[in-house]
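Trainee: Hey, can we go through this one together? I'd like to start with something small and work outwards.
Mentor: Sure, pull it up and ask away.

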Amino acid sequence: MKWNNVAIVWLQVELLHVYCDPEADECVFLPLWHVGSRRLTALTNMAACSVEELLAKAEQEEAEKLKSISVHKELDLEFDVGNLLACDKNRIEVRDFREQKKEDFLRSLARDNTQLLINEIWKQPTERVEEAIVVKLPESATPLPREKPPPKPKPPTKWEEFAKLKGIQKKKKTNLVWDETAKEWKRRWGYKRAKDDTKEWLIEVPETADPNEDQFAKRVKAKKERVAKNEFNRLKNIARAQKIKVPGVGLTPVAQQSKDDLSKAVSVAKTSTASAGRFQDRLPKEKPPKNTGKRRKFEPLIGNFGTEKQKQLELLKLMDSKKPRLDITKAVNKQMREEDREEAAAKYKKGAGKKGRKGSKAGGNKAGGGKKRGKPGKH
Amino acid sequence: MTQLDGIVKPKTKRSKRFLDNRAPKLIEDVKTAMIMKGGNTSQTITQALKDIVTVCSVFNLYLLFRKNITRPFEDSTSLEFFSKKTDCSLFLFGSHNKKRPNNVIFGRMFDFHVLDMIELGIEKFVSLSDIKASKCPEGTKPMLVFAGEAFDTDNEHKRLKSLLIDFFRGPTVSAVRLAGLEHVLHFTALEGKIYMRSYRSLLKKSGCRTPRIELEEIGPSFDLVLRRTHLASDDLYKLAHRQPKALKAKKKKNISHNVFGTKFGRVHMQKQDLSKLQTRKMKGLRKRKGGVVAEDQDGQAPKVAKVES
């Protein structure tokens, strides 16, 4: 046995090892030194003739592997992997559909499309989470309508507006404060708060106050009024935010009622009956109430045509006023600006043209057109 | 309810939380659907609605299976009322009468008003239980496939597609388990009909990383025809699609990409002090005592350098 030969065998055995896996255990793993010379020649012959075949076979196999997962379509599908969605825009041949069994046709179509979608999904990056392989999905690309309109920012209250105007900033207060009398830290607000004036069992009567006045009741009343005022302000804020008419309070108790207030009170009292004041008698010298609100009044069906015409014309005028009116100065300005822009663009074009020519003369270096401070990001 | 949202002051913390949950959100929850039966329904419709419920991976479903004698195309107020009550924005309404036998209406709401409504007639229906095959677990996020050029060209079909995606897509998720991709809903628009088929996908070995797909029909399957439609006007449709400003990605300054995806950054440099630059020392250039050397200090504009990162 010549060493030369052995070397050849080595080579081919290696080839065999690479290309014919199923037969590998037969030929490759034979220890070379034990191969008899006759066997060896046979082996070399076999190998020589089959290498090309094997190569071809392997290639075919590879193609077949891909074939099982590749689908050919005229138009590519549109994918939205975020929604696990695919859209096939290809025209479906009606003839194919009629010839085949309907269900089979649909299934094969679905199979192809699903295969393409799966191929697309498998391209996404994967991760292992608790023994399961998960694929990360991108954001969904299909625009879908919202359920509700986007949240609006809360309209500022009257106080917030004022605070902004004055530059008053919110200060965070601590929740606990030191109570001198109890000698401990207590809440600023709420149950068991510090300096709780509702829990006092004794109140000093001020010198100026009426000695018969109940000071406890006074405090309770003041608190109630504060709460009511706050509630009223809240409602006013809401009304302002919603652009509804700010609710009136009717009549607030004041120390001295004016004449207007009194007459208003009388008219309110009069109309506050089940029949809205229709059957209320009048006092002998009572004047009819003023500013009680408008009543709807209807014109007679056939009457003054002149006024009717005028009304219609007014209405038309009002409708016409909703259209944008032509503002001459604005229009002229716009036109002028447009012309300027065009001029500038033309000028710029000319300049660019010159530069281009210059550049080409210099030897095709287009970037060297004297424009040093260009936008470097956009290339 | 929306009109009065600001005015109704919740009296308890719990009701406050409830109202907050109902209020419009920046990032919305998964859309919920209500499934309704009309005044008269056939066996087919009842079964179809039930099957859709099982197939549908919408988690929050409100089943209004009592008779709701309402005709959505004539008067949608009761639908809107129910939508407000249940906070659902999708609905499926099934009915059956002589003029329109086996009728289902897919629809969706925007701000508790009907946005789109599409009426479909069921021509053929095979129930989930009619096909003997092992089914997908409930709540599987389905893969949706739409085939047929009608879905791309015809306006009504386009809306129908969008509606069906909305209805069947299930929750939005950031990741899915690969082995869990089992369920395929295939919609085919062909010859004026819409074929809805539901398959279970079997992942077979292909020799590559990507598996080969085989499909097995599990039902329900529908052959549908398009009937009446109520589509939102373009303005309203656009309004419904409007994204809040806060969700839009802010443009990053000084970063740009070219066609090949290379990232460019723009860096603004401070003015360099060239007088302190260390250069080769030469006797001739040495500073002399007292001699005023005019240094070049012409005002250089901040140089804009291109930095590839």
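**Hairpins, contacts and confidence**

Mentor: Let's start in chain A, where S3(A) and S4(A) make a hairpin with 2 residues between them. In the turn, Glu130(A) has a positive phi of about 50°. Keep in mind that this is a predicted model.

Trainee: Why does a positive phi get a mention?
Mentor: Because most residues other than glycine have a negative phi.

Trainee: OK, so how many bridges join S3(A) to S4(A), and which way do they run?
Mentor: There are 4 bridges, and the strands run antiparallel. S3 covers residues 126–129 of chain A. If you want a pair to click on, Val129(A) has Ala132(A) in S4(A) as its bridge partner.

Trainee: What else does S4 of chain A pair with?
Mentor: Strand S7 of chain B, residues 175–177. S4 itself spans residues 132–136 of chain A, and the two pair in the antiparallel sense over 3 bridges. Look for Val135(A), whose bridge partner in S7(B) is Val176(B).

Trainee: Let's stay on that contact, then. How many residues does each chain put in?
Mentor: Chain B gives 78 residues and chain A gives 62 residues. The area buried between them is about 6,500 Å², with carbon and sulfur atoms giving 60% of that.

Trainee: And how many salt bridges go across the interface?
Mentor: The rule finds 7 between chain B and chain A. One to look up is between the side chains of Lys102(A) and Asp223(B), at 2.8 Å from N to O. There are also 28 residue pairs in polar contact across the interface, both at pLDDT 80 or more.

Trainee: How do the residues on chain B's side divide up?
Mentor: On the side of chain B that touches chain A, you get 36 nonpolar, 15 polar and 27 charged.

Trainee: How many salt bridges does the structure hold over all chains?
Mentor: The count is 36. Among them is one inside chain A, where the side chains of Glu78(A) and Lys89(A) meet at 2.5 Å, N to O. That pair links distant parts of the chain, 11 residues apart. Glu78(A) is in strand S1, residues 78–80, while Lys89(A) is in the loop between strand S2 (85–88) and helix H4 (94–99).

Trainee: Back to hairpins for a sec. Which residue in the hairpin of S5(A) and S6(A) takes a positive phi?
Mentor: That's Lys183(A), with phi near 55°, and this hairpin has 4 residues between the strands. S5 is residues 176–179 of chain A and S6 is residues 184–187 of chain A; 4 bridges join them, antiparallel. Val177(A) stands opposite Lys186(A) in S6(A).

Trainee: What about Lys195(A), where does that one lie?
Mentor: In the loop between S6 and helix H7 (215–241) of chain A. Lys195(A) also has a positive phi, about 50°, although it is not a glycine.

Trainee: New topic: which residues does the cis peptide bond join?
Mentor: Gly219(B) and Pro220(B), with omega about 0°. Pro220(B) lies in the loop between strand S10 (212–217) and strand S11 (221–230) of chain B. It's worth noting because most peptide bonds are trans.

Trainee: Last thing: what does chain A average in pLDDT?
Mentor: Chain A averages 78, and 77% of its residues score at least 70. Residues 1–40 of chain A stay under 50, and the model has 30 contacts for them beyond four places in sequence. Residues 356–379 of chain A are also below 50, with 16 contacts beyond near neighbours in sequence.

Trainee: And what about chain B?
Mentor: Chain B averages a pLDDT of 85, and 89% of the residues score at least 70. Its residues 1–5 stay under 50, with 4 contacts beyond four places in sequence. Residues 293–299 of chain B stay under 50 too, with 3 such contacts. For the model as a whole, the scores are ipTM 0.80 and pTM 0.63.

Terms used:
Residues are numbered from 1 along each chain as its sequence is written. Chains are lettered from A and ligands numbered from 1 in the order in which they are written. Side-chain values use heavy atoms; hydrogens and water are left out. Contact means heavy atoms within 4.5 Å. Buried area is the accessible area (1.4 Å probe) that two parts lose on being put together, summed over both. A salt bridge is a side-chain nitrogen of Lys or Arg within 4 Å of a carboxyl oxygen of Asp or Glu. A polar contact is a pair of N or O atoms within 3.5 Å; within protein, one must be able to donate a hydrogen and the other to accept it, and residues adjacent in sequence count only if both atoms are side-chain atoms. Ala, Val, Leu, Ile, Met, Phe, Trp, Tyr, Cys and Pro count as nonpolar, Asp, Glu, Lys and Arg as charged, and the others, Gly among them, as polar. Two strands pair if DSSP finds at least two bridges between them. pLDDT is the predictor's confidence in each residue, from 0 to 100.
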